[in-house]
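Please report on the fold, the ligand shell and the unusual backbone points of this model. Keep to running text, with one small table.

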Amino acid sequence: MKILSAQQIRAADAYTIEHEPISSVLLMERAAMECAGWMVHTFGETPPPYYIFCGMGNNGGDGLVIARRLQEQGFAVQAWLVHTADTPSADNAANQPYYPELQHIREPGEFPLLEEPGIIVDALFGTGLNRPVEGWAAGVIHKINDQRHRHTIVSIDMPSGMMADEPSLHFPCVHARYTLTFEYYKLAFLLPENGERTGKTELLKIGIHPDYTAQVQTEYHLTDPETIRTIYRPRDAFSHKGTYGHALMIAGSYGKMGAAVLATRACLRAGAGLVTAHIPRCGYEIMQTAVPEAMCDTEESALYSAHFDEPFRLRQAPDYAVVGIGPGIGADTATAKALERLLQAFHKPMVLDADALNIIGKYPALLPQIPKDSILTPHPKEFERLFGSTDNHFERLELLTRKACELQLYILLKGKYSAMACPDGAVYFNPTGNPGMATAGAGDVLTGILTGLLSQGYTPKAALLLGAWLHGLAGDLAADDLSEEALVAEDIIHYLGQAYLNIKK
Ligand SMILES: NC(=O)C1=CN([C@@H]2O[C@H](COP(=O)(O)OP(=O)(O)OC[C@H]3O[C@@H](n4cnc5c(N)ncnc54)[C@H](O)[C@@H]3O)[C@@H](O)[C@H]2O)[C@@H](O)CC1
Ligand SMILES: [K+]
């Protein structure tokens, strides 16, 4: 699903008006009708009163139509026009006569007392916002926010005060419980700095012309079920385990064998044909007992945390279809040297996570040695250690994209919507997953899944998109049965099968 800029959204509206064709006032009617329908469906036939605050632009116009539509259905509605400009937009003005009970706010002192707990509809500003809201209009936003513990705030298209595709963290902005957004997700909603202000996002289709969406170019996408279904490849009936590759999982150290077990198990569950776990000797019994399907390749190291004292074994690495490295390996000098040797010996795309990334953060000269098209999966702190810090999440997204292009790597930055930057500059956001997955070992499972998918011959881009989706979906299915709180990393592996079945539906 494409994510468009505010400017592209305006062009999409204009294209629809011209080519459907439909008048702009009717397009507004359609958008507002979807909102009113969502509210009736969500808040029921006997809801608390609706308090609707409308600005002077088309977002305010939506608010006016919502007010009329809800009132026509017999709901208790009060609506105010907040005079943020001298003149209203044409479609805003056209709708005012159809809602004669409209009240007016021309200064903050006129903000009403909303006695009965109700639903505040925020239709002050939408995608037309082009600077911070200032003066008394900002005061209105603060007054709305002051009410947020007594009333449910629903923002129309965007929380008023937020910019669709630029940083606005320090701008006055409505803190919505729900944001009903039209046709496309806005980039701002997908970045953590705006999460708290956006609330739960609901995407409402308003009938934007499909030809516009098909031809418009954007680097930002949200992965959706249709994309995932086109990536997923069913197994060939005549295949054998060799068809699905032999993966090498380099993971674990004394005290951190759990990371190795989780990554190895997830790699097998994702569908790798064969998996060898490269682990320190101290973990041998643990691995053989916990994951009998995996083979083990151990190091006779005196230093149990070190991985590669014997360059001999590393020479075998090129025989593997893919290498996953990082979970729980530690970042001592011997391990860092071993990683360097691995990068010299293995030239196919690999998966690097956790301590492998921490080592590279310490020795940045290793960065250009990572095989082209490999997948890196840093969490925000690891990302910062690798590439430095930024002032806001838009800048961080730019840095992520630049690094993926410069280094010709796929980089997944973990978060609610993990951002996956590709070497061609495209960025995909993954929508599956839940806060229950903020638990020890969830990242090790992701490393295992991605390694398992690469092993089966998925391209790095396909493995990345499908792997992130499956990981989040398995977590969602697990949380549905077990609760977010009780979810542990092992559950994600356990529900991976159901996640696959869900894709095939
Ligand atoms: N164009 C269309 O056909 C449709 C537009 N729709 C609605 O229209 C919205 C966009 O409407 P507009 O482009 O009229 O813009 P808005 O209603 O978002 O904002 C109104 C106007 O406020 C001014 N403004 C910008 N920043 C300001 C600030 N900080 N302080 C004070 N004034 C400021 C701008 O001149 C802007 O045009 C969308 O978010 C959506 O809600 C929907 O009705 C669907 C159809
Ligand atoms: K709004």
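Where is the place of P21? P21 sits in the loop between α1 (6–19) and α2. Helices here are DSSP runs of H or I with at least four residues, strands are runs of E with at least two, and both are numbered from the N terminus. The peptide bond from E20 to P21 is cis, with omega near -15 degrees.

This is a predicted model, in which local features need pLDDT of at least 70 and side-chain atom pairs count only at pLDDT 80 or more, while totals for chains, interfaces and linings use all residues. Residues are numbered from 1 along each chain as its sequence is written, and chains are lettered from A and ligands numbered from 1 in the order in which they are written.

**Overall architecture**

The chain has 505 residues, and 51% of them count as buried. Buried means that 20 or more other C-beta atoms lie within 10 Å of the residue's own; exposed means 12 or fewer, partly exposed lies in between, and C-beta atoms are placed from the backbone. The secondary structure comes to 19 helices and 17 strands. Along its principal axes, the C-alpha trace spans about 85 × 45 × 40 Å. Of the contacts with a separation of 6 or more, 72% join residues 24 or more positions apart. A contact needs C-beta atoms, placed from the backbone, within 7 Å.

The domain assignment gives domain 1 (6–218) and domain 2 (225–504). Such bounds come from an automatic or database assignment. The C-alpha centres of the two domains lie 41 Å apart. At their interface, 8 residues of domain 1 are in contact with 8 residues of domain 2. The domain 1 side of this interface divides into 5 nonpolar, 1 polar and 2 charged residues. In this scheme Ala, Val, Leu, Ile, Met, Phe, Trp, Tyr, Cys and Pro are nonpolar, Asp, Glu, Lys and Arg are charged, and the others, Gly among them, are polar.

**Three parallel strands**

Strand β2 (residues 77–82) has 5 of its 6 residues buried, so the rest of the structure largely encloses it. Strand β1 (residues 50–54) pairs with β2 in the parallel sense over 5 bridges. Pairing requires at least two DSSP bridges between the strands. Y50 has V77 in β2 as its bridge partner. From β1 the chain crosses through α3 to β2, and this β-α-β crossover is right-handed. That means the path from the first strand over the helix to the second runs clockwise, with the strands pointing away from the viewer.

β2 also runs parallel to strand β3 (residues 103–105), joined by 3 bridges. V82 stands opposite I105 in β3. Here the chain crosses from β2 through helix α4 (residues 90–95) to β3, and this β-α-β crossover is right-handed.

**The ligand shell**

Which residues are closest to ligand 1? They are G57, N58, N59, G126 and G128, in a shell of 30 residues. A residue belongs to the shell if its C-beta atom, placed from the backbone, lies within 6 Å of the ligand. The elements that give two or more residues to the shell are α2 (24–43) and α3 (58–72). α3 gives the most, with 5 residues. By class, the shell holds 13 nonpolar, 13 polar and 4 charged residues.

**Positive phi outside glycine**

Two non-glycine residues with positive phi are tabulated here.

| Residue | Phi | Place | C-beta neighbours within 10 Å |
|---|---|---|---|
| A354 | about 45 degrees | helix α13 (residues 354–362) | 25, buried |
| S483 | about 85 degrees | loop between α17 (460–482) and α18 (489–494) | 10, exposed |

**Two buried strand residues**

V351 lies in strand β13 (residues 351–352). V351 is buried, with 34 other C-beta atoms within 10 Å. V351 and I375 are 24 residues apart in sequence, yet 4.8 Å apart in space, C-alpha to C-alpha. Leaving out residues up to four places away in sequence, V351 touches G324, I375, T447, L450, T451 and L454.

Y428 belongs to strand β17 (residues 427–429). Y428 counts as buried because it has 25 C-beta neighbours inside 10 Å. Beyond residues up to four places away in sequence, Y428 touches H221, T223, M420 and L465. Y428 and L464 are 36 residues apart in sequence and 9.7 Å apart in space, C-alpha to C-alpha.

Technical notes:
Two residues are in contact if their C-beta atoms, placed from the backbone, lie within 7 Å.
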